[in-house]
Amino acid sequence: MPDVLVPEAVMTWGPRRLPVPYAAHWSGEGPYGRRVTMRPDVAGVWYLDETPADRDAFGVLWARVQAAPGDGRPDFPAMHPARQRRAQAERLCQVCGESASHTQDGWLFLMNHDGSDLYEGAKVTKPPVCVRCAVLATRYCPHLTHPVGVRSRRPKIWGVFGTLFTPTPNAQLKPHVDEYLPYGHPVTEWFLASQLVVELKRCTVVDLDAELAALT
Ligand SMILES: [Zn+2]
């Protein structure tokens, strides 16, 4: 397998200069402010020191994580909530942080081949990519066991991924992690988002190597 050039905009780490995705979480990026607690006035969760910036336009509360990319070690499987959200919303490449690839077939996403070729309606937490970073990720990312490039003409903001809290009889909060919540759902007040979820519509499977060859 030929070496793949790491685009200049991609951060690297360690003596082997491993490429680190823009959206990846670093160990030096800890939580800040007060923790999530139950609201005393109405049903739901909040931060005691909450500000308008803690919720998105749909009223969903977001996890608070300091932004200090490059601080500590990269935590490759985890994504930083603010950078993941920005990349999804603004269609930035999740690896280099610049514009993701867009052609007449739509925006480029990387997925694992699931045995079918049916990606229509897939709900994804991984932001889009540019072609160079897509090829880079297929070489470096251990989670992409059967990588496939999927272009979506209409990636639609669908909802959030994160933790749903339920109140216990003794007024404690019970967390249910790794839940998906569509925007507008009635339990929104009890949700703490950590990733923005996009639904892929009007999908086409593409040949990444051919797309890379066309670039060079
Ligand atoms: Zn990129």
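Welcome to the tour; start by selecting V131, C133, A134, V135, L136, A137 and T138, the buried residues of α2. Keep in mind as you look around that this is a predicted model.

**Stop 1: the helix and its cover**

Show the whole of helix α2, residues 131-140. Seven of its 10 residues are buried, so the helix is largely enclosed by the rest of the structure. What should you display to see the cover over these buried residues? Among the elements that provide it are β2 (18-20), β9 (106-112), β11 (147-167) and α3 (208-215).

**Stop 2: the zinc ion**

Now centre on the zinc ion and add C93, C96, C130 and C133 as sticks. Each of these cysteines is a donor through its SG atom, and the coordination distance is 2.3 Å. Along the sequence, the donor residues follow the spacing C-x2-C-x33-C-x2-C. Why is the arrangement called tetrahedral? The angles subtended by the four donor atoms run from 97 to 117 degrees, and all angles between 85 and 135 degrees are what the tetrahedral label requires.

Stay with two of the donors for a moment. Is C130 buried or exposed? Its relative accessibility is 15%, and because buried means under 20%, C130 counts as buried. C133 counts as buried too, at 0% relative accessibility. You have already met C133 among the buried residues of α2.

**Stop 3: the largest nonpolar core**

Next, select C93, V95, L108, L110, V129 and C133. Within the largest nonpolar core, which has 18 residues, these touch the most other members. Both β9 and α2 supply at least two residues of this core, and α2 gives the largest share, with six. The zinc donors C93 and C133 are thus a handy bridge for your eye between the two stops.

Zoom in on L110 and hide its neighbours within four places in sequence. What remains in contact with L110 is V129, A134, A137, T138, L144, V148, G149 and L208.

Before moving on, pick out V36, V60, L181 and L192. They belong to another core, of 16 residues, which lies apart from the one you have just seen.

**Stop 4: the β11-β12 hairpin**

Finally, colour β11 and strand β12, residues 173-182. The two strands pair in the antiparallel sense over eight bridges. To find your place along the pairing, label G162, which stands opposite E179 in β12. Together the strands form a hairpin with five residues between them. Which turn residue has a positive phi? Select A171: its phi is about 65 degrees.

Note on methods
Residues are numbered from 1 along each chain as its sequence is written. This is a predicted model: local features need pLDDT of at least 70, side-chain atom pairs count only at pLDDT 80 or more; totals for chains, interfaces and linings use all residues. Side-chain values use heavy atoms; hydrogens and water are left out. Donors are N, O and S atoms within 2.8 Å of the metal (3.2 Å for Na, K and Ca); water is not among the atoms, so sites may look incomplete. Four donors count as tetrahedral if all angles lie between 85 and 135 degrees; four count as square planar and six as octahedral if opposite donors are over 155 degrees apart and all others between 65 and 115; anything else is irregular. Buried means under 20% relative accessible area, exposed over 50%, partly exposed in between (1.4 Å probe, protein chains only). Helices (H or I, at least four residues) and strands (E, at least two) are DSSP runs, numbered from the N terminus. Contact means heavy atoms within 4.5 Å. A nonpolar core is a set of buried Ala, Val, Leu, Ile, Met, Phe, Trp, Tyr and Cys residues joined through side-chain atoms within 4.5 Å. Two strands pair if DSSP finds at least two bridges between them.
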